[in-house]
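User: I'm new to reading protein structures. Could you take a close look at the biggest hollow inside this one, and then show me how the parts around it fit together?

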Amino acid sequence: MKALHDVRLRGEAALAGTMPAAYRALLRIRGRSNPMKVLLAGLVCRGDVVFDVGANQGIFTALMSNLAGRDGRVHAFEPSADTCRMLHATLAARARSPANVVVNATAAGAEDGMATLHTPQRDHGQASLKTHDTGSWSAGAAVRSSEIAVTRLDTYVAAQRPARIDVVKMDVEGAELPALRGFAAGLRAFHPVVVCELCGAWTHAFEYEPSDVIDELRRAGYTTFHLVTGRGDLSPLADVRALNDGESRDIVATAGGAHASWIRRLVR
């Protein structure tokens, strides 16, 4: 069974890397695919430079690696040492050219420094810089804490000096606003497409509302905002304040640029 599973993963990676439109169509036909996989397959292009902020175990990191190809680059940010090991294992199994991924064992934040990462019931997907009370955090969950590095993405960009940043995928369990504030210069300079999870149940621990993220992006020059649908398409975000109802949603923010035509194709 493992051999068959490995063959399936290699086949999926090859299809995503060589025929992304066909890969996305296949995901949609299957009907049960993760909407984020469907979205990224229609958004990340060969040669793109991508930031995966909150890479977790690397399922989306590997996909974006395949979509960006050898000429592209994925900068992954994952603060947990344990999760980073899983991330490297995922890249080995799912990425055609894992050398195009730079793994950074750090969180993204508003300031450079150190912080405490809290992981509930070993659920690495809900590890956060704040403790919460829903999901894996509920019912007196056992929480493991560890000290981790925090980096401003602007500090990272100043050191790496990329010529372009095309897409930023961000999923950091409520810390989206401080992470974006630490990337203010990069957002204005490059205007990458921002794909961001927003959930009031998480953001309240950081003392802000999800709609505050939209305000921050507008200050950086972003003008168009969409919601990711259950099928991985986009629909216009009509009411920003509706984001504050505590539910989890993925939004896509754009400020024109090279990917504007791709965004238009994804709107349903």
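**A look inside the cavity**

Analyst: Let's start with the residues around the hollow: the lining of the largest cavity divides into seven nonpolar, one polar and three charged residues. Keep in mind that the model you're looking at is predicted.

Who are these residues? The lining of the largest cavity is made up of Leu9, Glu12, Ala13, Ala16, Tyr23, Lys37, Ile59, Ala62, Leu63, Asn66 and Arg94. Two elements, helix 1 (2-18) and helix 4, each give two or more residues to that lining. As for the space itself, the largest cavity holds about 100 Å³. If you go hunting for others, the structure has one cavity of 30 Å³ or more.

Now follow helix 4 away from the hollow, and you'll run into the sheet. This sheet is an open one, built from eight strands in the order 3-2-1-7-8-11-9-10, with mixed pairing. At its edges sit strand 3 (101-104) and strand 10 (234-236), each paired on one side only. Going from one strand to the next, the twist averages 25°.

Helix 4 (residues 59-68) packs on this sheet, where it touches strand 1 (49-53), strand 2 (73-77), strand 3 and strand 7. The direction of helix 4 makes about 165° with that of strand 2. Helix 3 (residues 35-43) packs on the sheet too, touching strand 7, strand 8, strand 9 (224-228), strand 10 and strand 11 (248-254). Here the angle is about 165° again, this time between the directions of helix 3 and strand 8.

Zoom in on strand 7 (residues 167-170) and strand 8 (residues 193-199): they run parallel, and four bridges join them. On strand 7's side you can find Lys169, which stands opposite Val195 in strand 8.

Two other spots make nice practice for spotting buried residues. Thr151, in strand 6 (residues 143-151), counts as buried because its relative accessibility is 19%, and the cut-off is under 20%. Beyond its neighbours within four places in sequence, Thr151 is in contact with Thr106, Ala107, Ala108, Gly109, Asp112 and Tyr156.

The other spot is Ser211, which belongs to helix 10 (residues 210-219). Ser211 has a relative accessibility of 1%, so it counts as buried. Setting aside neighbours within four places in sequence, its contacts are Val240, Arg241 and Asn244.

Conventions:
Residues numbered from 1 in each chain as written. Predicted model: local features only at pLDDT ≥ 70, side-chain atom pairs only at ≥ 80, totals over all residues. Heavy atoms only, no water. Pairing = 2+ DSSP bridges. Axes fitted to C-alpha atoms, helices over the stretch in contact; angles between N-to-C directions. Contact = heavy atoms within 4.5 Å. Buried < 20%, exposed > 50% of the residue type's maximum accessible area, 1.4 Å probe, protein only. 1 Å grid on protein atoms, 1.4 Å probe; cavity = no way out; pocket = protein on both sides within 12 Å on 5 of 7 lines; lining within 4 Å. Points joined across faces, edges and corners; volume = space filled by probe spheres on them. Nonpolar A, V, L, I, M, F, W, Y, C, P; charged D, E, K, R; others polar.
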